[in-house]
Amino acid sequence: MKRKRVLITGAAGFLGSHLADRFIKEGYHVIGMDNLITGDLRNIGHLFKLEQFEFYHHDVSKFIHIPGDLDFILHFASPASPIDYLKIPIQTLKVGSLGTHNCLGLAKAKNARILVASTSEVYGDPLVHPQTEEYWGNVNPVGPRGVYDEAKRFQEAMTMAYHTFHHVDTRIVRIFNTYGPRMRLNDGRALPAFIGQALRGEDLTVFGDGSQTRSFCYVDDLIEGIYRLLMSNYHFPVNIGNPDEISLLDFAKEILELTGNKVKIVFKPLPVDDPKQREPDITKAKQILGWEPKVNRKEGLKITYNYFKSLPEEEWRKQPKEFVSNK
Ligand code: NAD
């Protein structure tokens, strides 16, 4: 029987590479596409020897050509951490807008189902807590984070328009902070930043007074949620995340306990437009997908810490130029 074919953009990134693994495991032919701007081929190095995997080094903001049929498209290409999108703001806007347009056009041409990766950042600094899919958000379009948040909001609008006007079979996942192996230690997100600092024996940097909250989802749980959403028939956005909310200060303390490190926690001023609260309402995911997270933070952190520790020392010696936020 012919294998179903799935295109994954951003396949060399953190989430894209885990999705590629999942679809290979499910028996699909996986086509990975990435321009490697924030990704790393080592994340998918183990897949190159498989005949059911192929890779295109390509910028999805430019026209995409894929020979043959496609059953599914998963559009995950986009810088995702503040350090990245503050460094490459225009590419971030382009991949969320032009890149999404190209993927939707491809889905229409191939009659493929497409799922786009949106984000909890569409809620901005939310005035509703926890965040339900019906909340429209509180985003500053001209603030530094606007390049990411607005690109993703445009992505959602474009995806719905293709659904409504071209009858393309679309899915939108709103992903909340996810962590796990293959994150980059120096990408500036809270968890790798804290673990990297702890491994290097540096003090942990908390922005503001650390009372701002985040909710961290382990990557295996997220991938399961995405898989179920793709296989569902629901076209509106669905939050996927772990509602177990924690303040950044408590989170930093958990990392110190996990690593057994005796360093201090130091405080820096809160960056512009930093969200103060973040917690997904996952009622929809539970009802529509029968999904809820299974891996608790203690377990997930341990796996992730062991992954980072197993990397060659020069990897965790690498530091981000500066920490910009505790995303
Ligand atoms: P990542 O940086 O590890 O992966 C993104 C990948 O996309 C990289 O491999 C990068 O090289 C590639 N890419 C970027 N621009 C591209 C372009 N123009 N053409 C081709 N490839 C391009 O980030 P991630 O954490 O894996 O995030 C993946 C997706 O999930 C992103 O769309 C992000 O917005 C979304 N998301 C992630 C999280 C999270 O917690 N990790 C939360 C919300 C949303």
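Pro-130 is placed in the loop between S5 and H4, and the peptide bond leading into Pro-130 from His-129 is cis, with omega near -15°. The model is a predicted one. Its ligand takes up the space of the largest pocket, and 29 residues surround the ligand.

**Ligand contacts**
- Among the 29 residues around the ligand, the closest are Leu-15, Asp-34, Thr-38, Tyr-148 and Arg-189.
- Thr-38 contributes a polar side-chain atom that lies 2.7 Å from an oxygen atom of the ligand.
- Leu-15 approaches through its backbone, with an N or O atom 2.8 Å from a ligand oxygen atom.
- Phe-14 also has a backbone N or O atom at 2.8 Å from an oxygen atom of the ligand.
- On its own the ligand has 820 Å² of accessible area, and the protein covers 97% of that area.

**Pocket and shell**
- The largest pocket is the space that the ligand takes.
- Two or more residues of the shell come from each of helix H1 (14-25), strand S5 (113-119) and helix H4 (146-166).
- S5 gives the largest share of the shell, with 3 residues.
- Sorted by class, the shell consists of 13 nonpolar, 12 polar and 4 charged residues.

**Helix H4**
- H4 has 21 residues and, at 1.5 Å a residue, should span 30 Å; the C-alpha atoms at its ends are 28 Å apart, so the two values agree.
- The residue that follows H4 is His-167, which has a positive phi, near 60°.

**Backbone geometry in the loops**
- Most residues other than glycine have a negative phi, and most peptide bonds are trans.
- Leu-36, a residue other than glycine, has a positive phi, near 65°.
- The loop that holds Leu-36 runs between strand S2 (29-34) and strand S3 (53-57).
- The cis peptide bond joins His-129 to Pro-130, and Pro-130 belongs to the loop between S5 and H4.

Methods. Residues are numbered from 1 along each chain as its sequence is written. This is a predicted model: local features need pLDDT of at least 70, side-chain atom pairs count only at pLDDT 80 or more; totals for chains, interfaces and linings use all residues. Side-chain values use heavy atoms; hydrogens and water are left out. A residue is near a molecule or strand if one of its heavy atoms lies within 4 Å of it. A polar contact is a pair of N or O atoms within 3.5 Å; within protein, one must be able to donate a hydrogen and the other to accept it, and residues adjacent in sequence count only if both atoms are side-chain atoms. Accessible areas come from the Shrake-Rupley method with a 1.4 Å probe; for residues, only the protein chains shown count as cover. On a 1 Å grid over the protein atoms alone, a cavity is a set of points where a 1.4 Å probe fits but cannot get out, and a pocket is an open set with protein on both sides within 12 Å along at least five of seven lines; lining residues have an atom within 4 Å of a point. A molecule sits in a cavity or pocket if more than half of its atoms lie within 2 Å of its grid points. Helices (H or I, at least four residues) and strands (E, at least two) are DSSP runs, numbered from the N terminus. Ala, Val, Leu, Ile, Met, Phe, Trp, Tyr, Cys and Pro count as nonpolar, Asp, Glu, Lys and Arg as charged, and the others, Gly among them, as polar. The expected span of a helix is 1.5 Å times one less than its number of residues.
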